[in-house]
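Student: I would like a close look at a single part of this chain, with the cut-offs behind each term spelled out. Please begin from one residue and work outwards to its surroundings.
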Amino acid sequence: MKPSPFEYHRAYTPEETVATLTELGDDAKILAGGQSLAPMMNFRLARPTALVDVNPIAGLDYIRRDGDELSVGALTRHRSVELCTDPGVLDGFSLLPRAARWIGH
C-alpha cells in the first residue's frame with residue numbers, strides 16, 4: 001500500500017519546527033528517521049495530514065559526555081550510538097553501543 005496524501009514541510013531550526021507544527025495543527029507529525037512512521041503510513045495505520053522533516057536542523061546529532069552524564073541529541077542516529085567508540089564518551093556507558101544493536105521495533 002501507499003500512504004494517504006500529505007503535505008511535506010522542512011524545518012531548519014527548532015523555532016521553525018514549533019511554528020510550522022502550530023500552524024498545521026494536531027494532525028501534523030514530525031519526521032526524523034521514519035523508521036516507525038513511514039511503514040505505518042504505508043499501511044494507512046497513521047494518516048497525518050502533514051509531515052515536518054526536522055533532519056535539516058543542525059547541531060542536534062551528537063553524543064557527548066559532561067561529567068557523569070551522557071547526552072544524546074534528538075537527531076542522533078541509532079547507528080551512531082551503535083558505532084560510538086570514543087572512550088571519553090563511553091567510560092561508564094560502554095553497554096550502550098553493545099545494547100544498541102539489539103534495539104528495534
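Where does Thr17 lie?

Tutor: Thr17 lies in helix α1, which covers residues 14-24; helices, like strands, are DSSP runs numbered from the N terminus, with at least four residues (H or I) for a helix and at least two (E) for a strand. The model is a predicted one, in which local features need pLDDT of at least 70 and side-chain atom pairs count only at pLDDT 80 or more, while totals for chains, interfaces and linings use all residues. Residues are numbered from 1 along each chain as its sequence is written, and side-chain values use heavy atoms, with hydrogens and water left out.

Thr17 counts as buried because its relative accessibility is 8%, where buried means under 20% relative accessible area, exposed over 50% and partly exposed in between, with a 1.4 Å probe and protein chains only. Leaving aside residues up to four places away in sequence, Thr17 touches Ala11, Ile30, Val52, Val54 and Ile57, a contact being heavy atoms within 4.5 Å.

One of these partners, Val52, leads to strand β3, both of whose faces are covered: Ala50 and Val52 are buried on one side, and Leu51 and Asp53 are buried on the other. β3 pairs with β1 in the parallel sense over four bridges, pairing being assigned if DSSP finds at least two bridges between two strands. Within that pairing, Tyr8 stands opposite Leu51. Strand β2 (residues 28-31) also pairs with β3 in the parallel sense, again over four bridges, and here Ile30, itself a contact of Thr17, stands opposite Val52.

Leu31 extends the picture, since, with residues up to four places away in sequence not counted, Leu31 touches Tyr8, Leu51, Val52, Asp53, Val54 and Asn55. Leu31 and Leu51 also belong, with Leu37, Met41 and Ala46, to the largest nonpolar core, which has five residues in all; such a core is a set of buried Ala, Val, Leu, Ile, Met, Phe, Trp, Tyr and Cys residues joined through side-chain atoms within 4.5 Å.

A polar link is found in this part as well: the side chains of Arg10 and Asp53 meet in a salt bridge, at 3.9 Å from N to O, the rule being a side-chain nitrogen of Lys or Arg within 4 Å of a carboxyl oxygen of Asp or Glu. This pair links distant parts of the chain, with Arg10 in strand β1 and Asp53 in strand β3, 43 residues apart. The two partners differ in exposure class, since Arg10 counts as partly exposed at 45% relative accessibility, whereas Asp53 counts as buried at 7%.

Following the chain beyond β3 (50-53), one comes to Ala58 in the loop that runs to β4 (63-66). Ala58 is exposed because its relative accessible area is 68%, and its C-alpha is 9.0 Å from that of Leu75, although the two are 17 residues apart in sequence. After this loop, β4 pairs in the antiparallel sense with strand β5 (residues 69-72) over four bridges, and Arg65 stands opposite Leu70 in β5. β4 and β5 form a hairpin with two residues between them, and in its turn Gly67 has a positive phi of about 65°.
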